Amino acid sequence: SSAASDVYKRQASSCGKKISVRQVANPGWYLRQHAANTQTLEAIREGGWDYMVMQEQSKAPTREKEWVKKNVFHPAAQLDSLRRLYAPKGKSVCYMTWGRNNDTYEGMQQQLTENYLEMADVLDAYCAPVGEAWRRVRRECPSLQLYNSDGSHPSPVSYTHLTLPTT
């Protein structure tokens, strides 16, 4: 989201670094939609950047394994191949999401973790383990309201506690 991009820019700035972010995000989209989207493909073809971050639609990586391979891993590989062509010194990053705030959270988070780690491994990409950080904060600070009212998307407090560390 643009809120996350703003947080990352502020973090970099606090460390004396300047980053630029080009974002193509459409709510609820699947990676397969991005793999066929002119705006996404043009952004990748621009090249000249260090990282391409891919985030799948929240429930897609929790489906049956064969479906995930065909509909998540395959389009991620297509996007990664294009990234390798136009930004060969760059690196893809698989942005691991978090389970929904309901009674299936633990099972959903486990599937997300396993599939994002496998996708990163198959692509020789980095994995941003935000879902695992989310799990840890849920366990260690259960009073924090990480979700907004829909039980899926992050609340403002989650950006404070779950942004990626900079070193």
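**Entry 1: Lys-91 and Asp-124**

I looked up the pairing of Lys-91 with Asp-124 in this predicted model. Their side chains form a salt bridge, with an N to O distance of 3.7 Å. The two partners come from distant parts of the chain, 33 residues apart. I located Lys-91 in strand β2 (residues 91–95), and Asp-124 in the loop between α5 and β3 (126–128). I also checked the accessibility of Asp-124: its relative value is 52%, so I recorded this residue as exposed, the cut-off being over 50%.

**Entry 2: Asp-80 and its partners**

I next asked which residues are joined with Asp-80 by salt bridges that share partners. The network consists of Asp-80, Arg-83 and Arg-84. For the side chains of Asp-80 and Arg-83 I noted a salt bridge of 3.0 Å, N to O. For Arg-84 and Asp-80 the corresponding entry is 2.7 Å, again N to O.

I placed both pairs in helix α4. Asp-80 and Arg-83 are 3 residues apart there, about one turn of the helix; Arg-84 and Asp-80 are 4 residues apart, also about one turn.

Is Asp-80 buried or exposed? Its relative accessibility is 3%, and I therefore entered Asp-80 as buried. Arg-83 is likewise buried. Arg-84 is partly exposed, with a relative accessible area of 38%.

For the structure as a whole, I noted that the search finds 8 salt bridges.

**Entry 3: Helices α5 and α6**

I then examined how helix α5 (residues 105–123) lies against helix α6 (residues 130–140). Their axes come within 10 Å and cross at roughly 150°. Because angles over 145 degrees count as roughly antiparallel, I described α5 and α6 in that way. The crossing of α5 past α6 is left-handed.

I listed the residues that make this contact. From α5 they are Tyr-105, Glu-106, Gln-109, Gln-110 and Thr-113. From α6 they are Gly-131, Glu-132, Trp-134, Arg-135 and Arg-138. Sorted by class, the contact comprises 2 nonpolar, 4 polar and 4 charged residues.

**Entry 4: Thr-62**

Finally, I looked up Thr-62, which I found in the loop between β1 (51–54) and α4 (65–86). Why did I enter Thr-62 as buried? Its relative accessible area is 17%, and the category applies under 20%. I then set aside the neighbours of Thr-62 within four places in sequence and asked which residues remain in contact with Thr-62. They are Met-108, Gln-111 and Leu-112.

Key
Residues are numbered from 1 along each chain as its sequence is written. This is a predicted model: local features need pLDDT of at least 70, side-chain atom pairs count only at pLDDT 80 or more; totals for chains, interfaces and linings use all residues. Side-chain values use heavy atoms; hydrogens and water are left out. Helices (H or I, at least four residues) and strands (E, at least two) are DSSP runs, numbered from the N terminus. Buried means under 20% relative accessible area, exposed over 50%, partly exposed in between (1.4 Å probe, protein chains only). Contact means heavy atoms within 4.5 Å. Axes are lines fitted to C-alpha atoms, for helices over the stretch in contact, and angles run from 0 to 180 degrees between N-to-C directions. Angles under 35 degrees count as roughly parallel, over 145 as roughly antiparallel, 65 to 115 as roughly perpendicular and the rest as oblique. A crossing is left-handed if the near helix is turned anticlockwise from the far one by less than a right angle, and right-handed if clockwise. Ala, Val, Leu, Ile, Met, Phe, Trp, Tyr, Cys and Pro count as nonpolar, Asp, Glu, Lys and Arg as charged, and the others, Gly among them, as polar. A salt bridge is a side-chain nitrogen of Lys or Arg within 4 Å of a carboxyl oxygen of Asp or Glu.
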